[in-house]
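Thank you for sending this entry over for comment. My remarks follow as numbered points, to be read beside the coordinates.

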Amino acid sequence: MNKHFQNYFQSFKLNKTFFYTLGIDIITLILLYVLITSFVNILTEKSLQLTGGKAPEVVKQELLSLSPAKLQPFMLQLQSFLFYFLFGLIFVVLIVLLSLSLSRTLVWKFLLGQTFSYKPFLKWNFLNLIMTIFVVIYTMLILLTNLIITFLFSLITSNSTFLIYFSKFFNYLFLIFFLILIFLIHYSFAHKVKIWESIGSGFHLMAKKWSALWRGSLLILATAILIGIILFPIAYFLSEQALIIQVVAGIFTLLFLSWMRIYLLQIMQME
């Protein structure tokens with residue numbers, strides 16, 4: 001177990017690898033935030049132009065009282081709104097996908113000392129699409145399992161505090177295992193550049209490295225809990241500053257994920 005602790009503490013070294021991968025994540029997140037925020041603002045502006053800032057029920061009543069001739073300008077505005085919504089949504093989704101794929105390509109090329117090429121970048125897009133489906137399915141399974149376990153424990157105890165904290169612990173634990181699985185799939189894909197083979201290899205590596213991964217997952221969970229303890233007083237004293245809390249939580253999340261990626265890479269390279 002000593003080598004696992006040694007590997008764990010070594011992963012906290014703030015070297016070039018950490019800052020480079022963290023920098024890519026931060027830049028990607030900022031660009032996506034600006035893109036999505038701009039899209040939402042445009043839709044909000046178009047919506048206000050369409051409704052004049054009136055409540056939906058008021059707009060509905062006014063439309064019912066209009067003649068077909070007077071209704072035509074509104075229909076033109078509605079077409080414009082739908083155009084911005086549909087094509088804007090397609091554009092945003094496409095840019096999000098390309099940005100995530102590019103950032104993952106740059107991160108893993110750097111971590112593994114590989115040179116950049118367009119072929120892996122294009123395949124990262126398809127992998128991310130498939131992983132999105134996996135995330136949705138996994139989330140649904142976790143929610144269902146969480147409901148079942150919470151129900152079973154509610155038959156044993158009526159302590160709501162216990163049930164809440166147990167549910168949070170359960171969610172954190174399974175989230176970490178899922179993040180580890182995503183890492184293993186990304187790790188395999190960065191080597192093989194084959195989508196389905198890499199997905200299967202991710203599960204294979206989970207079983208092969210289980211002895212080291214379950215210990216690592218406990219240390220990752222302990223680190224996440226420690227971060228939560230650190231953030232708790234910050235959130236308490238800034239309870240009325242929601243934006244600041246979100247920014248601080250986002251920063252800690254990025255730091256945690258960047259560290260976790262490097263730590264898991266060290267586990268994979270550990271004999």
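1. I begin with a pair of charged residues, noting at the outset that this is a predicted model. D25 and R104 are both buried, and the two form a salt bridge in which the closest N and O atoms are 2.6 Å apart. This pair links distant parts of the chain, since D25 lies in helix α2 (residues 16-51) and R104 in helix α4, with their positions 79 residues apart in the count along the sequence. Side chains of opposite charge can pair when their charged atoms come close.

2. D25 has a further partner in R261, with 2.8 Å between the closest N and O atoms of that salt bridge. Here too distant parts of the chain are linked, R261 being in helix α9 and D25 in helix α2, 236 residues apart. R261 is buried, as is D25.

3. How many salt bridges does the model contain by the rule applied? The count comes to three, and the remaining pair is formed by the side chains of K192 and E197, which meet at 3.6 Å, N to O. K192 is partly exposed, with a relative accessible area of 34%, and E197 is likewise partly exposed, at 41%. Through shared partners, salt bridges join D25, R104 and R261 into one network.

4. Helix α9, which carries R261, spans residues 242-269 and has 28 residues. Its first and last C-alpha atoms are 41 Å apart, close to the 40 Å expected at 1.5 Å a residue. The buried residues in α9 include L254, F256, W259, M260, I262, Y263, L264 and L265, together with R261 itself; S258, I267 and M268 are also buried there.

5. The overall fold is simply described, for the protein chain has nine helices and zero strands, and read along the sequence its pattern is α-α-α-α-α-α-α-α-α. The radius of gyration is 24 Å, well over the 18 Å that the globule rule gives for 271 residues, so the chain is more spread out than a compact globule. Taken along the principal axes, the C-alpha atoms fill a box of roughly 80 × 55 × 35 Å.

6. On burial and contacts, 32% of the 271 residues of the protein chain count as buried, while the accessible surface comes to about 17300 Å², with 73% of that area belonging to carbon and sulfur atoms. Among contacts between residues at least 6 apart in sequence, 77% join residues at least 24 apart.

7. Which residues make up the nonpolar surface patch of about 820 Å²? The patch is made by I42, L82, F83, Y84, F85, L86, F87, L89 and V93, and helix α4 (residues 68-111) gives the most to it, with eight residues. One of these patch residues, F85, has its place in helix α4; F85 is partly exposed because its relative accessible area of 33% falls between the 20% limit for buried and the 50% limit for exposed.

8. M75 also has its place in helix α4, and at 36% relative accessibility M75 counts as partly exposed. The C-alpha atoms of M75 and L50 are separated by 9.3 Å, although the two positions lie 25 residues apart in the numbering along the chain.

9. Helix α6 (residues 160-192) deserves a check of its geometry. At 1.5 Å a residue its 33 residues should span 48 Å, and the end C-alpha atoms are 48 Å apart, which agrees. Just after α6, V193 takes a positive phi of about 55°, and a reader inspecting the backbone may wish to look at V193 there.

10. Is S217 buried or exposed? S217 is found in helix α8 (residues 210-237), and S217 is buried because its relative accessible area is 1%, against a cut-off of under 20%. Leaving aside neighbours within four places in sequence, S217 is in contact with I176, F177 and I180.

Note on methods:
Residues are numbered from 1 along each chain as its sequence is written. This is a predicted model: local features need pLDDT of at least 70, side-chain atom pairs count only at pLDDT 80 or more; totals for chains, interfaces and linings use all residues. Side-chain values use heavy atoms; hydrogens and water are left out. Patches are made of residues with over 30% relative accessible area and no salt bridge: like charges are joined within 9 Å, nonpolar side chains (Val, Leu, Ile, Met, Phe, Trp, Tyr) within 5 Å. Accessible areas come from the Shrake-Rupley method with a 1.4 Å probe; for residues, only the protein chains shown count as cover. A salt bridge is a side-chain nitrogen of Lys or Arg within 4 Å of a carboxyl oxygen of Asp or Glu. Helices (H or I, at least four residues) and strands (E, at least two) are DSSP runs, numbered from the N terminus. Buried means under 20% relative accessible area, exposed over 50%, partly exposed in between (1.4 Å probe, protein chains only). Contact means heavy atoms within 4.5 Å. The expected span of a helix is 1.5 Å times one less than its number of residues. The radius of gyration is taken over C-alpha atoms; the globule rule is 2.2 Å times the number of residues to the power 0.38.
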